[in-house]
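I sat down with this one today to look up a few helices and some unusual backbone spots. Here are my notes, in the order I made them.

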Amino acid sequence: MSTAESALAVTPATLSKEDLLHDYRLGWESRHASLAGRKEVFMGKAKFGIFGDGKELPQLAMARVFQPGDFRSGYYRDQTFMMAAGELTLQQYFAQLYAHPDVEAEPATGGRAMNGHFATRLLDEDGNFKNLAELKNSSADVSPTASQMPRLVGLAYASKLYRQNPELHDRTQFSVNGNEVAFGTIGNASTSEGMFFEALNAAGVLQIPMLMSVWDDHYGISVPAEYQTCKQSISAILSGLQRDAPGEQGFEIFVVRGWDYPALLDTYQRAADVCRREHVPVLIHVTEVTQPQGHSTSGSHERYKTKDRLTWEEEHDCLLKMREWLLSEEVVTAEELDQLENEAKNTVREARTAAWGAFFNPIKQERDEVAALLEKLVNETGQQNALHEMVEQLKHNPAPIRADLVRTVRKALRFTRDQQRSASRRELSQWLDQALAENADRYNSYLYSQSEQAALNIEVEPAKFVENAPQVDAREVLQACFDANFRRDPTIFAIGEDVGRIGDVNQAFAGLQEKFGELRVTDTGIRECTIVGQGIGAALRGLRPITEIQYLDYLLYAVQILSDDVACLQYRTKGGQKAPLIVRTRGHRLEGIWHSGSPIGMILSSIRGMHVCVPRNMTQAAGFYNTLLRSDEPALVIEPLNGYRLKERIPQNVGEFTLPLGVPEVLLAGTDVTIVTYGSMCRIVLDAAKQLSEVGISVEVIDVQTLLPFDLQHVIADSIRKTSRVLFADEDVPGGATAYMMQHVLDDQQAYRLLDSQPRCLAAQPHRPPYGSDGDYFSKPNAEDVFDTVYEMMQETDPKRFPAIY
């Protein structure tokens with residue numbers, strides 16, 4: 001069926017009576033689900049509720065033009081759309097409300113996200129992509145407002161690449177000639193976020209098939225539109241995006257009322273048609289939308305809406321307006337509509353009951369099992385009073401959760417800790433071990449990939465060098481690495497500021513745009529957040545993006561989207577989605593407040609779920625890129641900023657050699673002190689180690705190479721076993737990555753047992769370094785600082801051999 005033919009099916013005149021009544025009934029099922037969901041929260045069966053009531057009709061219209069292969073990037077009001085698209089059942093809707101931790105019952109997040117956070121499972125059980133071109137797809141929702149926007153740009157951009165790059169035309173598992181539309185949704189208040197404006201500008205520049213819907217109910221929680229949006233109209237202030245004529249750059253902008261069913265159908269048909277055929281981005285401003293229950297279960301909208309507004313919302317409820325239209329068109333009788341509404345209410349009740357039973361019955365069974373084990377323990381130990389009380393409290397808890405069971409078992413084992421020979425106590429302890437393992441899978445799994453393509457599973461191939469290979473500028477090693485990978489895999493592309501024509505500011509992509517074309521090596525505007533988002537969306541659709549952030553300091557623009565979206569994507573979908581994005585940047589040693597950053601502590605705390613590689617030179621960086629481009633996980637690679645023009649040799653297998661993640665390298669063997677560092681600090685520490693050797697101190701220098709993961713083989717503890725002293729050194733602020741490394745080594749590796757001296761940290765000053773070489777010297781650790789710190793450690797051990805210097 002052609003696009004034009006499919007569009008005809010969504011006009012009011014060509015929809016059958018069955019189609020119209022299907023939409024009407026589905027709208028009421030969604031409404032009753034919202035009403036029932038609120039009651040479930042107030043009854044204590046769910047923690048929180050946020051619902052899509054009032055938005056039913058525009059979402060029904062949008063679903064009519066949503067085709068296999070398309071993607072959604074929306075927010076927590078879109079339940080009607082997901083139901084209409086066939087990607088959410090009522091029972092799944094309530095399973096998510098109850099936080100059912102089973103992906104069979106709640107496939108979007110496995111109970112990990114609160115209700116209204118929708119996703120489809122893009123991966124099979126082995127972590128491989130399904131045939132996305134045959135599925136209706138939803139990327140996994142995020143709560144922070146407008147955070148769905150950067151990813152939306154990438155989902156639409158992928159269609160452009162699949163259409164315009166002939167090398168990708170055979171990837172029919174992901175696209176059919178780039179005909180897929182990326183549908184975005186957002187509330188009117190969230191359009192005030194900078195990410196919304198940045199994303200729309202990017203889409204207009206790129207000319208991509210992005211169909212953006214704004215549900216405008218006039219409020220952002222309690223704050224009305226006059227405080228939210230200039231002119232109180234997002235379409236009015238964005239009118240400058242409207243293209244002047246077909247073929248010109250820009251948007252198509254539509255405005256339609258949220259209760260006008262025929263107009264909604266017509267608008268979405270026309271919008272999707274131009275978006276799909278011409279790859280023109282579209283904004284649909286859906287006005288006069290209502291929100292019958294207010295923002296969420298956290299409060300009542302009667303507190304902030306006027307009586308006139310509440311009356312208006314009652315009169316303009318979209319489902320009542322659809323009923324009026326159906327009756328006026330004499331499509332159906334009032335009695336038939338009454339029957340449909342009652343059937344919808346009953347259907348919701350049945351789904352709610354089934355979802356609660358599926359969620360709660362297994363917990364009751366576990367509760368009964370625990371109670372029986374506890375009663376056996378009571379009978380065996382004779383501790384009648386206290387244990388009996390625990391059993392009775394557990395048995396009579398009307399709605400226990402698994403935490404109640406584990407908490408009670410722990411208390412019982414604590415209470416009977418002097419009964420180590422008790423058989424029933426051993427049974428209870430075994431139950432606890434099994435319960436903790438099962439709940440670890442329910443709530444703690446899939447932070448990282450568990451597939452065969454996980455980065456830790458990539459086979460290691462050492463770099464090979466031709467004898468007497470010439471030394472070249474280190475940036476040429478990266479250039480050769482990227483060249484080889486681009487030739488190997490047509491899905492790889494790179495985007496970023498200055499990446500294209502000049503080959504990035506440090507020339508690692510020099511000449512590659514000319515060789516591989518503008519679609520593969522592409523300049524972008526200054527928009528770090530949506531550069532990363534562009535990569536996230538494309539990676540969700542089977543491509544392998546390298547997104548460049550020019551300097552590490554500028555990562556701050558994108559940390560929110562890295563943290564809330566890609567880093568937790570596998571986790572929050574319990575292995576249902578992945579986005580193997582590589583973020584390339586450079587940092588550490590340079591001069592100036594905004595070009596010398598090492599905010600590693602911030603990065604480590606905010607992007608768990610991504611790998612963080614901190615190579616000391618460009619050969620190491622190339623090895624990490626080779627590994628990551630063969631894996632299915634996202635990563636951040638921080639190249640040493642002052643290393644591009646240092647001399648290195650290009651490996652003979654430059655595009656093939658791989659480095660393992662989580663494996664430190666011993667750069668210099670020693671016996672007195674272990675120094676743990678990474679990145680540009682490696683050269684400084686090696687310089688200091690040479691100076692220390694001149695006064696009789698033997699230093700072992702270890703480059704951790706990656707911070708996430710960190711020293712999986714406990715190389716550092718093995719070194720400390722030999723030296724019994726350790727110094728952690730880097731360029732972050734005090735308490736940043738040095739504290740992170742120390743915690744891993746002393747706590748996880750238990751190296752505190754091996755120490756004869758206090759472990760030390762050497763970090764930068766607690767401020768950014770000023771401009772100039774002196775500013776660098778007095779702000780960040782230098783070789784003399786390393787020397788003095790190690791010397792002090794040795795002086796404490798042997799003051800006669802190492803007398804005070806100062």
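**Helix α14.** I began with the length of helix α14, residues 402-415 (helices, H or I of at least four residues, and strands, E of at least two, are DSSP runs numbered from the N terminus). Its 14 residues at 1.5 Å a residue should span 20 Å, and the end C-alpha atoms are 20 Å apart, so the two agree. The expected span here is 1.5 Å times one less than the number of residues. I then listed the buried residues of α14 (buried is under 20% relative accessible area, exposed over 50%, partly exposed in between, with a 1.4 Å probe and protein chains only). They are Arg402, Asp404, Leu405, Val406, Thr408, Val409, Ala412 and Leu413.

**A note on the source.** This is a predicted model, where local features need pLDDT of at least 70, side-chain atom pairs count only at pLDDT 80 or more, and totals for chains, interfaces and linings use all residues. Residues are numbered from 1 along each chain as its sequence is written, and side-chain values use heavy atoms, leaving out hydrogens and water.

**α2 against α12.** Next I asked at what angle α2 and α12 pack. Helix α2 (residues 17-42) and helix α12 (residues 334-381) pack at about 45°, with axes 8 Å apart. Axes are lines fitted to C-alpha atoms, for helices over the stretch in contact, and angles run from 0 to 180 degrees between N-to-C directions. That makes α2 oblique to α12; angles under 35 degrees count as roughly parallel, over 145 as roughly antiparallel, 65 to 115 as roughly perpendicular and the rest as oblique. The contact (heavy atoms within 4.5 Å) includes Trp28 and His32 of α2 and Leu340 and Val348 of α12.

**α12 against α15.** α12 also packs with helix α15 (residues 423-444), at an angle of about 155° and with axes 8 Å apart. The two helices are therefore roughly antiparallel. Among the residues that meet are Leu373 and Leu377 in α12 and Leu428 and Trp431 in α15.

**Backbone oddities.** Where did I find a cis peptide bond? It runs from Leu708 to Pro709, with omega near 0°. Pro709 lies in the loop between β20 (706-708) and α24 (715-723). His714 is found in that loop between β20 and α24 too, and has a positive phi of about 60° although it is not a glycine. At 33% relative accessibility, His714 is partly exposed.

Glu288, also not a glycine, has a positive phi of about 55°. I found Glu288 in the loop between β8 (282-287) and α10 (307-315), partly exposed at 31% relative accessible area.
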